[in-house]
Amino acid sequence: MIAISWQPRLIIVGLLLALTYLWIQSASPELERRNRLQSTLRIIELRDAELMRDILLARAGLLANYDALTKAGQKLLLLSKSLQTDLQPANAEYDFFFLYIIGDRWL
């Protein structure tokens with residue numbers, strides 16, 4: 001009688017431990033990459049705002065020269081290229097997986 005009451009508890013604890021382990025394993029590998037991508041996106045947003053500010057100043061005639069526009073544009077271009085390179089491995093893995101799944105049927 002006592003052994004029967006412990007079996008459901010052991011099953012529930014075992015399932016909770018297994019689910020916790022799987023959740024931790026699925027969340028941790030991409031955390032650093034996701035943080036890097038988010039910080040790059042925040043910087044891109046900041047550079048875009050700086051570029052818009054400089055454009056508005058130039059249109060109003062308050063900007064003495066256009067050097068700030070070219071510098072902000074170049075910074076934005078470099079950041080977007082770095083973002084593309086950071087995203088490239090994920091796309092390559094997805095493309096490989098996608099081709100592996102449907103490759104025989106569609107190619």
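Is Lys75 buried, partly exposed or exposed? In this predicted model, Lys75 is partly exposed, because its relative accessible area is 42%, a value between the 20% and 50% limits that separate buried from exposed residues. The residue belongs to helix α3. Its C-alpha atom is 7.2 Å from that of Arg47, although 28 residues separate Lys75 and Arg47 in sequence. This pair offers a way into the overall arrangement, to which the account now turns.

The protein contains 3 helices and 0 strands, and along the sequence the pattern reads α-α-α. Helix α1 covers residues 2–27, helix α2 covers residues 31–60, and helix α3 covers residues 67–106. Among contacts with a separation of 6 or more, 63% join residues that lie 24 or more positions apart. Of the 107 residues, 14% count as buried. The accessible surface amounts to about 9,400 Å², and carbon and sulfur atoms account for 67% of that surface.

The interior may be considered next. The largest nonpolar core is formed by 9 residues, namely Leu37, Ile44, Leu51, Ala58, Leu69, Ala72, Leu76, Leu79 and Leu83. Helices α2 and α3 each contribute at least two residues to this core, and the largest share, 5 residues, is supplied by α3. Leu69 illustrates how a member of the core is surrounded: with neighbours within four places in sequence set aside, Leu69 is in contact with Leu51, Asp54, Ile55, Ala58 and Leu63. Of these partners, Leu51 and Ala58 are also listed in the core.

A polar residue, Thr40, can be read alongside this core. Thr40 is located in helix α2 and is classed as buried because its relative accessible area is 10%, which falls under the 20% limit. Beyond residues up to four places away in sequence, Thr40 touches Leu79, Ser82, Leu83 and Asp86. Two of these partners, Leu79 and Leu83, are members of the largest nonpolar core.

Asp54 is a charged counterpart to this case. The residue lies in helix α2, and its relative accessibility of 6% is the reason why Asp54 counts as buried. Apart from its neighbours within four places in sequence, Asp54 is in contact with Leu63, Ala68, Leu69 and Ala72. Leu69 and Ala72 both appear in the nonpolar core. The surroundings of Asp54 can be extended to the loop between α2 and α3, where Tyr66 is found. Tyr66 and Asp54 are 12 residues apart in sequence, with a C-alpha to C-alpha distance of 8.5 Å. In contrast to the buried Asp54, Tyr66 is exposed, because its relative accessible area of 54% is over 50%.

Which residue pairs with the side chain of Asp54 in a salt bridge? The partner is Arg53, and the closest N and O atoms of the two residues are 3.2 Å apart. The same side chains are also recorded as making a polar contact at 3.2 Å. Side chains of opposite charge can pair when their charged atoms come close. The two partners differ in accessibility: Arg53 is partly exposed, with a relative accessible area of 47%, whereas Asp54 is buried at 6%.

The structure holds 2 salt bridges. Another is formed by the side chains of Glu50 and Arg47, with an N to O distance of 3.3 Å. Glu50 and Arg47 both belong to helix α2 and stand 3 residues apart, about one turn of the helix. Glu50 is partly exposed, with a relative accessible area of 22%, and Arg47 is likewise partly exposed at 22%. Arg47 is also the residue whose C-alpha atom lies 7.2 Å from that of Lys75, which returns the description to the residue of the opening question.

The outer surface completes the picture. Leu19, Tyr21 and Leu22 make a nonpolar surface patch of about 360 Å². Leu19 is found in helix α1 and is classed as exposed because its relative accessible area is 57%, over the 50% limit. Leucine residues thus occur in both settings, because Leu19 is exposed while Leu37, among others, belongs to the nonpolar core, which by definition consists of buried residues.

Conventions. Residues are numbered from 1 along each chain as its sequence is written. This is a predicted model: local features need pLDDT of at least 70, side-chain atom pairs count only at pLDDT 80 or more; totals for chains, interfaces and linings use all residues. Side-chain values use heavy atoms; hydrogens and water are left out. Patches are made of residues with over 30% relative accessible area and no salt bridge: like charges are joined within 9 Å, nonpolar side chains (Val, Leu, Ile, Met, Phe, Trp, Tyr) within 5 Å. Accessible areas come from the Shrake-Rupley method with a 1.4 Å probe; for residues, only the protein chains shown count as cover. A salt bridge is a side-chain nitrogen of Lys or Arg within 4 Å of a carboxyl oxygen of Asp or Glu. Helices (H or I, at least four residues) and strands (E, at least two) are DSSP runs, numbered from the N terminus. Buried means under 20% relative accessible area, exposed over 50%, partly exposed in between (1.4 Å probe, protein chains only). A polar contact is a pair of N or O atoms within 3.5 Å; within protein, one must be able to donate a hydrogen and the other to accept it, and residues adjacent in sequence count only if both atoms are side-chain atoms. Contact means heavy atoms within 4.5 Å. A nonpolar core is a set of buried Ala, Val, Leu, Ile, Met, Phe, Trp, Tyr and Cys residues joined through side-chain atoms within 4.5 Å.
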